[in-house]
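Look over the model below. A short report follows, from the ligand outward to the chain.

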Amino acid sequence: MAAELSRVAPAVNDWYATAARDLPWRAPDVDAWAILVSEFMLQQTQVDRVLPRWTEWMERWPTPSALAAAEPGEAVRAWGRLGYPRRALWLHRAAVEIAERHNDRVPSDVDALLALTGIGPYTARAVAAFAFGDRHPVVDTNTRRVIARLVHGRAAAGMPSPADLADMEALLPAEPVAAARFNAAAMELGATVCTARAPRCGACPVADWCEWRGAGYPDNAPAKRPRQAAFSGSDRQVRGRIMALLREATSPVDPADALAAAAEGGLREPEQARRAYDSLLADGLIVEHEGRTALPR
Ligand code: SF4
(Lines give C-alpha, C1' and ligand atoms only; values in the text may rest on other atoms or scores of the structure.)
Protein backbone atom coordinates (compact mmCIF):
# COMPACT_ATOMS: atom_id res chain seq x y z
CA MET A 1 0.00 0.00 0.00
CA ALA A 2 2.83 2.39 0.86
CA ALA A 3 3.79 2.62 -2.79
CA GLU A 4 0.22 3.45 -3.72
CA LEU A 5 -0.37 6.22 -1.15
CA SER A 6 0.25 8.99 -3.66
CA ARG A 7 -2.30 7.49 -6.06
CA VAL A 8 -5.16 7.50 -3.56
CA ALA A 9 -6.04 11.19 -3.61
CA PRO A 10 -6.08 11.61 -7.41
CA ALA A 11 -8.24 8.50 -7.78
CA VAL A 12 -10.68 9.58 -5.06
CA ASN A 13 -10.82 13.12 -6.41
CA ASP A 14 -11.58 11.86 -9.92
CA TRP A 15 -14.33 9.67 -8.53
CA TYR A 16 -15.73 12.61 -6.53
CA ALA A 17 -15.93 14.75 -9.68
CA THR A 18 -18.61 12.46 -11.07
CA ALA A 19 -20.13 10.76 -8.01
CA ALA A 20 -20.46 13.48 -5.35
CA ARG A 21 -23.93 14.26 -4.12
CA ASP A 22 -25.19 17.65 -5.19
CA LEU A 23 -25.30 19.35 -1.79
CA PRO A 24 -25.99 23.09 -1.78
CA TRP A 25 -23.19 24.01 0.63
CA ARG A 26 -20.72 22.55 -1.89
CA ALA A 27 -21.79 24.93 -4.67
CA PRO A 28 -18.89 27.09 -5.90
CA ASP A 29 -20.67 30.37 -5.12
CA VAL A 30 -21.45 29.47 -1.50
CA ASP A 31 -19.71 31.72 1.00
CA ALA A 32 -17.84 30.92 4.20
CA TRP A 33 -20.82 31.76 6.42
CA ALA A 34 -23.02 29.26 4.60
CA ILE A 35 -20.31 26.61 4.94
CA LEU A 36 -19.86 27.36 8.63
CA VAL A 37 -23.61 26.99 9.22
CA SER A 38 -23.60 23.67 7.36
CA GLU A 39 -20.70 22.41 9.48
CA PHE A 40 -22.54 23.29 12.70
CA MET A 41 -25.64 21.47 11.52
CA LEU A 42 -23.80 18.44 10.17
CA GLN A 43 -21.84 17.88 13.39
CA GLN A 44 -24.38 15.43 14.77
CA THR A 45 -27.18 15.33 12.24
CA GLN A 46 -27.59 13.48 8.95
CA VAL A 47 -27.43 15.27 5.62
CA ASP A 48 -31.05 14.68 4.62
CA ARG A 49 -32.32 16.24 7.84
CA VAL A 50 -29.92 19.16 7.58
CA LEU A 51 -30.80 20.07 3.97
CA PRO A 52 -34.18 21.78 4.51
CA ARG A 53 -33.06 23.51 7.72
CA TRP A 54 -29.87 24.84 6.17
CA THR A 55 -31.84 26.22 3.21
CA GLU A 56 -34.29 27.97 5.53
CA TRP A 57 -31.49 29.42 7.66
CA MET A 58 -29.57 30.78 4.71
CA GLU A 59 -32.68 32.44 3.31
CA ARG A 60 -33.51 33.95 6.66
CA TRP A 61 -30.01 34.76 7.94
CA PRO A 62 -27.70 35.07 4.91
CA THR A 63 -24.97 36.83 6.93
CA PRO A 64 -23.59 36.53 10.46
CA SER A 65 -24.96 39.99 11.32
CA ALA A 66 -28.46 38.96 10.19
CA LEU A 67 -28.44 36.08 12.66
CA ALA A 68 -26.75 38.21 15.32
CA ALA A 69 -29.63 40.70 15.09
CA ALA A 70 -32.16 37.98 15.89
CA GLU A 71 -32.93 36.85 19.41
CA PRO A 72 -31.05 33.70 20.44
CA GLY A 73 -34.42 32.08 21.07
CA GLU A 74 -35.29 32.54 17.40
CA ALA A 75 -32.19 30.59 16.46
CA VAL A 76 -33.22 27.84 18.87
CA ARG A 77 -36.75 27.86 17.46
CA ALA A 78 -35.51 27.69 13.88
CA TRP A 79 -33.19 24.81 14.80
CA GLY A 80 -36.35 22.75 15.04
CA ARG A 81 -35.76 19.05 15.56
CA LEU A 82 -32.15 18.86 14.37
CA GLY A 83 -31.20 17.76 17.88
CA TYR A 84 -28.54 18.97 20.31
CA PRO A 85 -30.04 22.50 20.25
CA ARG A 86 -27.12 24.01 22.14
CA ARG A 87 -25.55 24.13 18.69
CA ALA A 88 -28.15 26.78 17.75
CA LEU A 89 -27.18 28.92 20.72
CA TRP A 90 -23.48 28.50 19.97
CA LEU A 91 -24.02 29.35 16.32
CA HIS A 92 -25.89 32.48 17.34
CA ARG A 93 -23.03 33.48 19.66
CA ALA A 94 -20.51 32.79 16.93
CA ALA A 95 -22.55 35.02 14.59
CA VAL A 96 -22.42 37.84 17.14
CA GLU A 97 -18.66 37.38 17.51
CA ILE A 98 -18.08 37.36 13.74
CA ALA A 99 -20.23 40.46 13.29
CA GLU A 100 -18.51 42.32 16.12
CA ARG A 101 -14.91 41.16 15.87
CA HIS A 102 -14.49 40.29 12.21
CA ASN A 103 -16.54 42.89 10.38
CA ASP A 104 -19.23 40.34 9.52
CA ARG A 105 -16.82 38.06 7.66
CA VAL A 106 -15.98 34.54 8.76
CA PRO A 107 -12.25 34.47 9.54
CA SER A 108 -10.09 32.15 7.48
CA ASP A 109 -7.43 31.57 10.11
CA VAL A 110 -7.80 28.36 12.12
CA ASP A 111 -6.85 30.02 15.41
CA ALA A 112 -9.39 32.81 14.85
CA LEU A 113 -12.02 30.20 14.00
CA LEU A 114 -11.16 28.22 17.14
CA ALA A 115 -11.73 31.36 19.22
CA LEU A 116 -15.38 31.46 18.11
CA THR A 117 -18.07 29.88 20.28
CA GLY A 118 -18.94 26.32 19.38
CA ILE A 119 -16.04 25.77 16.97
CA GLY A 120 -13.66 22.94 17.77
CA PRO A 121 -10.61 21.69 15.87
CA TYR A 122 -12.63 19.70 13.34
CA THR A 123 -14.98 22.55 12.40
CA ALA A 124 -12.16 25.11 12.30
CA ARG A 125 -10.15 23.01 9.86
CA ALA A 126 -13.23 22.13 7.82
CA VAL A 127 -14.19 25.79 7.37
CA ALA A 128 -10.59 26.79 6.58
CA ALA A 129 -10.35 24.01 3.99
CA PHE A 130 -13.81 24.08 2.42
CA ALA A 131 -14.48 27.82 2.53
CA PHE A 132 -10.99 29.16 1.96
CA GLY A 133 -9.20 26.33 0.19
CA ASP A 134 -6.47 26.12 2.82
CA ARG A 135 -4.51 22.91 3.16
CA HIS A 136 -5.48 21.10 6.37
CA PRO A 137 -6.34 17.47 7.06
CA VAL A 138 -10.07 17.24 7.85
CA VAL A 139 -11.16 13.90 9.24
CA ASP A 140 -14.69 12.88 10.10
CA THR A 141 -16.15 9.48 11.02
CA ASN A 142 -16.50 8.49 7.37
CA THR A 143 -12.92 9.38 6.51
CA ARG A 144 -11.63 7.48 9.52
CA ARG A 145 -13.45 4.35 8.37
CA VAL A 146 -12.05 4.63 4.82
CA ILE A 147 -8.51 5.04 6.14
CA ALA A 148 -8.91 2.19 8.63
CA ARG A 149 -9.87 -0.18 5.82
CA LEU A 150 -7.78 1.13 2.95
CA VAL A 151 -4.52 1.81 4.78
CA HIS A 152 -4.61 -0.26 7.93
CA GLY A 153 -6.61 -3.28 6.81
CA ARG A 154 -9.03 -2.95 9.68
CA ALA A 155 -12.77 -3.42 9.40
CA ALA A 156 -13.48 -0.24 11.36
CA ALA A 157 -11.69 2.70 12.90
CA GLY A 158 -10.75 2.75 16.56
CA MET A 159 -11.32 5.64 18.91
CA PRO A 160 -10.46 9.06 17.44
CA SER A 161 -6.81 9.96 18.01
CA PRO A 162 -4.15 12.39 16.77
CA ALA A 163 -2.96 9.57 14.50
CA ASP A 164 -6.07 10.16 12.38
CA LEU A 165 -4.74 13.53 11.28
CA ALA A 166 -1.30 12.07 10.58
CA ASP A 167 -2.91 9.33 8.48
CA MET A 168 -4.85 11.91 6.47
CA GLU A 169 -1.80 14.13 6.13
CA ALA A 170 0.06 11.22 4.54
CA LEU A 171 -2.61 10.98 1.84
CA LEU A 172 -3.24 14.69 1.36
CA PRO A 173 -2.03 16.25 -1.90
CA ALA A 174 0.48 19.09 -1.57
CA GLU A 175 -1.58 21.42 -3.70
CA PRO A 176 -4.21 23.20 -1.54
CA VAL A 177 -7.17 22.99 -3.96
CA ALA A 178 -6.62 19.27 -4.51
CA ALA A 179 -6.14 18.82 -0.76
CA ALA A 180 -9.42 20.57 0.07
CA ARG A 181 -11.19 18.47 -2.53
CA PHE A 182 -9.66 15.27 -1.19
CA ASN A 183 -10.88 16.08 2.32
CA ALA A 184 -14.42 16.32 0.99
CA ALA A 185 -14.02 13.39 -1.38
CA ALA A 186 -12.77 10.99 1.30
CA MET A 187 -15.74 11.88 3.50
CA GLU A 188 -18.08 11.33 0.59
CA LEU A 189 -16.50 7.98 -0.21
CA GLY A 190 -17.10 6.84 3.36
CA ALA A 191 -20.63 8.22 3.42
CA THR A 192 -21.80 6.70 0.16
CA VAL A 193 -19.53 3.75 -0.83
CA CYS A 194 -17.35 2.59 2.06
CA THR A 195 -20.27 2.55 4.45
CA ALA A 196 -20.10 0.98 7.89
CA ARG A 197 -22.49 -1.89 7.22
CA ALA A 198 -22.29 -2.61 3.51
CA PRO A 199 -19.25 -1.27 1.64
CA ARG A 200 -19.74 -1.29 -2.13
CA CYS A 201 -16.22 -2.23 -3.09
CA GLY A 202 -17.24 -2.74 -6.72
CA ALA A 203 -17.86 1.00 -6.96
CA CYS A 204 -14.78 2.05 -4.99
CA PRO A 205 -12.02 3.98 -6.79
CA VAL A 206 -9.32 2.62 -4.47
CA ALA A 207 -10.46 -1.00 -4.27
CA ASP A 208 -7.27 -2.29 -5.90
CA TRP A 209 -5.15 -0.89 -3.07
CA CYS A 210 -7.46 -1.59 -0.15
CA GLU A 211 -5.66 -3.57 2.56
CA TRP A 212 -8.84 -4.80 4.20
CA ARG A 213 -10.32 -6.02 0.94
CA GLY A 214 -6.99 -7.56 -0.06
CA ALA A 215 -6.88 -9.48 3.20
CA GLY A 216 -10.32 -10.94 2.58
CA TYR A 217 -12.32 -8.68 4.88
CA PRO A 218 -11.07 -10.02 8.23
CA ASP A 219 -13.35 -9.54 11.21
CA ASN A 220 -10.81 -7.40 13.03
CA ALA A 221 -12.69 -4.27 14.10
CA PRO A 222 -11.30 -2.70 17.27
CA ALA A 223 -13.39 -3.07 20.41
CA LYS A 224 -16.43 -0.87 20.24
CA ARG A 225 -17.00 1.93 22.67
CA PRO A 226 -19.95 1.36 25.00
CA ARG A 227 -23.24 1.93 23.23
CA GLN A 228 -25.00 5.18 23.97
CA ALA A 229 -28.02 4.80 26.19
CA ALA A 230 -31.28 4.52 24.24
CA PHE A 231 -32.90 7.82 23.31
CA SER A 232 -36.33 6.60 24.36
CA GLY A 233 -36.90 7.51 27.98
CA SER A 234 -33.65 9.48 28.18
CA ASP A 235 -33.21 12.95 29.64
CA ARG A 236 -32.50 14.09 26.09
CA GLN A 237 -35.94 12.98 25.04
CA VAL A 238 -37.57 14.70 28.01
CA ARG A 239 -35.64 17.90 27.28
CA GLY A 240 -36.84 17.64 23.70
CA ARG A 241 -40.47 17.63 24.82
CA ILE A 242 -39.97 20.89 26.70
CA MET A 243 -38.15 22.43 23.77
CA ALA A 244 -40.93 21.35 21.39
CA LEU A 245 -43.52 23.09 23.58
CA LEU A 246 -41.52 26.30 23.70
CA ARG A 247 -40.73 26.31 19.99
CA GLU A 248 -44.44 26.14 19.25
CA ALA A 249 -45.49 28.65 21.92
CA THR A 250 -46.27 32.16 20.75
CA SER A 251 -45.80 33.59 24.26
CA PRO A 252 -44.05 32.52 27.49
CA VAL A 253 -45.60 29.52 29.22
CA ASP A 254 -46.29 28.56 32.81
CA PRO A 255 -43.35 26.47 34.13
CA ALA A 256 -45.92 23.92 35.30
CA ASP A 257 -47.01 23.48 31.69
CA ALA A 258 -43.39 22.93 30.68
CA LEU A 259 -43.02 20.26 33.36
CA ALA A 260 -46.30 18.68 32.26
CA ALA A 261 -45.06 18.60 28.66
CA ALA A 262 -41.86 16.96 29.90
CA ALA A 263 -43.88 14.15 31.43
CA GLU A 264 -46.07 13.52 28.38
CA GLY A 265 -45.32 10.06 27.07
CA GLY A 266 -43.97 8.89 30.41
CA LEU A 267 -40.88 9.30 32.57
CA ARG A 268 -38.33 6.83 33.85
CA GLU A 269 -38.49 8.45 37.26
CA PRO A 270 -40.60 11.30 38.65
CA GLU A 271 -37.71 13.73 39.12
CA GLN A 272 -36.70 13.40 35.46
CA ALA A 273 -38.98 16.24 34.34
CA ARG A 274 -37.52 18.71 36.83
CA ARG A 275 -33.99 17.55 36.03
CA ALA A 276 -34.53 18.11 32.31
CA TYR A 277 -36.11 21.51 32.91
CA ASP A 278 -33.28 22.65 35.19
CA SER A 279 -30.63 21.45 32.77
CA LEU A 280 -32.23 23.47 29.95
CA LEU A 281 -32.17 26.52 32.22
CA ALA A 282 -28.51 25.86 33.06
CA ASP A 283 -27.66 25.52 29.36
CA GLY A 284 -29.40 28.81 28.55
CA LEU A 285 -31.77 27.09 26.15
CA ILE A 286 -34.76 28.31 28.16
CA VAL A 287 -35.13 31.29 30.49
CA GLU A 288 -37.51 32.24 33.28
CA HIS A 289 -38.86 35.75 33.39
CA GLU A 290 -41.56 37.05 35.70
CA GLY A 291 -42.61 33.54 36.60
CA ARG A 292 -42.95 32.36 32.98
CA THR A 293 -40.71 30.22 30.81
CA ALA A 294 -39.59 31.07 27.28
CA LEU A 295 -36.83 30.61 24.73
CA PRO A 296 -33.90 32.98 25.39
CA ARG A 297 -34.11 36.59 24.29
FE1 SF4 B 1 -13.99 0.55 1.54
FE2 SF4 B 1 -14.30 -1.57 -0.09
FE3 SF4 B 1 -13.15 0.70 -0.94
FE4 SF4 B 1 -11.88 -0.87 0.80
S5 SF4 B 1 -12.45 -1.41 -1.31
S6 SF4 B 1 -12.01 1.36 0.87
S7 SF4 B 1 -13.60 -1.61 2.03
S8 SF4 B 1 -15.30 0.44 -0.29
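How do the residues of the shell around the ligand divide into nonpolar, polar and charged?

## Ligand site

This is a predicted model. The shell around the ligand holds 6 nonpolar residues, 2 charged ones and no polar ones. Cys194, Cys201, Cys204 and Cys210 are among the residues that surround the ligand. Ala207 and Trp212 also belong to this set. So do Arg149 and Arg213. Arg and Lys count as charged, whereas Cys, Ala and Trp count as nonpolar.

Where does the ligand sit? Its place is the largest cavity.

## Helix 11

Helix 11 runs over residues 176–192, 17 residues in total. From first C-alpha to last, helix 11 reaches 24 Å. That is close to the 24 Å expected at 1.5 Å a residue.

Which residues of helix 11 are buried? An unbroken run from Phe182 to Gly190 is buried: Phe182, Asn183, Ala184, Ala185, Ala186, Met187, Glu188, Leu189 and Gly190. Ala179 and Ala180 are buried too. The charged residue Glu188 is thus listed beside nonpolar ones such as Met187 and Leu189.

The cover over these buried residues includes helix 1 (5–19) and helix 8 (121–132). Helix 9 (141–150) and helix 10 (162–171) contribute as well.

## The chain as a whole

The chain has 15 helices and 2 strands. Its C-alpha atoms fill a box of roughly 70 × 45 × 30 Å along the principal axes.

Of the 297 residues in the chain, 44% are buried. Among contacts with a separation of 6 or more, 64% join residues 24 or more positions apart.

Technical notes: Residues are numbered from 1 along each chain as its sequence is written. This is a predicted model: local features need pLDDT of at least 70, side-chain atom pairs count only at pLDDT 80 or more; totals for chains, interfaces and linings use all residues. Side-chain values use heavy atoms; hydrogens and water are left out. A residue is near a molecule or strand if one of its heavy atoms lies within 4 Å of it. On a 1 Å grid over the protein atoms alone, a cavity is a set of points where a 1.4 Å probe fits but cannot get out, and a pocket is an open set with protein on both sides within 12 Å along at least five of seven lines; lining residues have an atom within 4 Å of a point. A molecule sits in a cavity or pocket if more than half of its atoms lie within 2 Å of its grid points. Helices (H or I, at least four residues) and strands (E, at least two) are DSSP runs, numbered from the N terminus. The expected span of a helix is 1.5 Å times one less than its number of residues. Buried means under 20% relative accessible area, exposed over 50%, partly exposed in between (1.4 Å probe, protein chains only). Contact means heavy atoms within 4.5 Å.
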